[in-house]
Amino acid sequence: MTSTRASNTVLAQQEVTPPKVERTIPDLSKKVPTDLKEIKIVFNEKMAGVDIGYCGTPVGDVRWEDNNTTHVISFNERLSPSKIYRLILGRNEGYRNMSDVLLEEYVLTFTTEGPDPATPTFVDTTPVHVTDIVELDLSDKLLCRVSENSIEGFKFPYYLFVPQGMDLNKPVYLLVEPNNTGVSSNLVSLDKNTKDAIETCSASSVARKLKIPLLMPVFPRPGGTLYTHALDRETLLIREGSLKRIDLQLIAMISHAQKLLRHNDVEVNEKIFMNGFSASGTFANRFAILHPTVVRAVATGGINCIPTFPTGRWNSTTMRYPVGIADVKEIAGIDFDEAAYKKVSQYIYMGALDDNDTVPYRDAYDEMDAELIKSLIGAKMMVKMMPDRWDTSQLIYRTLEISAQFVTYENTGHETKREMHDDLAAFFEANAGDEIVEIVPHEYTSKE
């Protein structure tokens, strides 16, 4: 006879047993075709939630099948040949079984057919933890996690990626991409997500192609109406605590990274390249306006068709930050340097099918700013991002005589593709000098 106590113990053990991945369809231990449409992940029990890290992998729709025991992940474009892709399941504790037990983080890697050697779409290396200006081994690719340093002016860590084959005999630009790692109060998860982001973001592809170092800060996004990852109004208004003036903290990180690289015989230019997409694109767009003397060239994509306008007024309408810059002196102590800003090369792009509109959401724009945008560009453009609001934004920049290259990628949603990464690299390479240079971007056809 089994005692009640023993039965309860067995039940407790069953309840805390984490769910497992039984197999994948197809078998990812073998090379997969480039025209693979989807991957099925079969769990050992019924599941709930969605939690997939997939930067660098063209994930489209996801769905559950077989009574929530099979998760189907589809791809929205053809995979590249001879590439190693990665999916991370359960990083943010979003997958769980019906007893609310979490899936332990599970990493899927798969390789596409093609000639050897296969190259990864991500950087896969263990970070070197750095707390000071130290000697680094730059003979191979290197990922550093630099600890927070209040004395140097930054209260959060940052990651620094140095690609393999960097030329130490010529000056290079430090490429900076702000992190866009979602809402999180868990610093361990935030750190993991930032490491994953710097390994797989579009800037990582640019850094590897141009062989230049890449910096990404580990800034948290607490949630609510505070949108640190977009450098919103509330973020600039923070007057105390660790999140005070993260734009200045990022400048301090940049300065520290430049000192670290120079200590290791890397000749680094004073100004930086800056890149971002979606929220990080918005951050980069606004950062270049607030601190143009720091930035040589900036590429920003997926910014919901409304960049911040580098003016305080438009058609007799006063435009406060972040719609315009009418009050940046008041809220941030910044005098807009128009002359310096007009020397910054800019590449601003949207997908023609992008409908990821943040204006209606109060974490991105408060009610006053949403109404300001509505009065500025019209109610129709508020609803219809592409092409109306996009065209209006371009008109305003042209009228202000800002030499930004605006690009629309056809048949593209809120995403970046490998050809777009090539365009970003071409843009930065072309704008390594003092002149503002436009590139010829890739044109997607209806068949792509």
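# Briefing: two helices, a mixed sheet and a buried aspartate

In helix α9 (residues 367-377), the buried residues are Asp369, Ala370, Leu372, Ile373, Leu376 and Ile377. Viewed down the axis of α9, these buried residues fall within an arc of 155 degrees, so they line one face of the helix. The model is predicted. The points below cover α9, the sheet, helix α6 and aspartate 363.

**Helix α9**
- An α-helix has 3.6 residues a turn, so residues three or four places apart point the same way.
- Met368 and Ser375 are exposed, on the other side of α9.
- At the start of α9, aspartate 366 contributes a side-chain oxygen that reaches to within 3.2 Å of the backbone nitrogen of methionine 368.

**The sheet**
- An open sheet is formed by 9 strands, and its pairing is mixed.
- The strand order is β11-β12-β13-β15-β14-β16-β17-β20-β21.
- β11 (128-130) and β21 (404-409) are the edge strands, each pairing on one side only.
- From one strand to the next, the twist averages 20 degrees.
- β16 (residues 268-277) and β17 (residues 295-301) pair in the parallel sense, over 6 bridges.
- Asparagine 275 stands opposite alanine 299 in β17.

**Helix α6 on the sheet**
- Helix α6 (residues 279-290) packs on the sheet and touches β16, β17 and β20 (345-351).
- The direction of α6 makes about 140 degrees with that of β16.
- 12 of the 12 residues of α6 are buried, so this helix is largely enclosed by the rest of the structure.
- The buried residues of α6 include Phe283, Phe287, Ile289 and Leu290. Among them are also Ser280, Thr282, Asn285 and Arg286.
- The 12 residues of α6 should span 16 Å at 1.5 Å a residue. The end C-alpha atoms of α6 are 16 Å apart, which agrees.

**Aspartate 363**
- Aspartate 363 lies in the loop between β20 and α9.
- Its relative accessible area is 19%. Buried means under 20%, so aspartate 363 counts as buried.
- The side chain of aspartate 363 makes a polar contact with the side chain of arginine 221, at 2.9 Å.
- Leaving aside residues up to four places away in sequence, aspartate 363 touches Arg221, Gly224, Thr225, Tyr227 and Asp232.

Key: Residues are numbered from 1 along each chain as its sequence is written. This is a predicted model: local features need pLDDT of at least 70, side-chain atom pairs count only at pLDDT 80 or more; totals for chains, interfaces and linings use all residues. Side-chain values use heavy atoms; hydrogens and water are left out. Buried means under 20% relative accessible area, exposed over 50%, partly exposed in between (1.4 Å probe, protein chains only). Helices (H or I, at least four residues) and strands (E, at least two) are DSSP runs, numbered from the N terminus. The arc is that of the directions from the helix axis to the C-beta atoms. A polar contact is a pair of N or O atoms within 3.5 Å; within protein, one must be able to donate a hydrogen and the other to accept it, and residues adjacent in sequence count only if both atoms are side-chain atoms. Two strands pair if DSSP finds at least two bridges between them. Axes are lines fitted to C-alpha atoms, for helices over the stretch in contact, and angles run from 0 to 180 degrees between N-to-C directions. Contact means heavy atoms within 4.5 Å. The expected span of a helix is 1.5 Å times one less than its number of residues.
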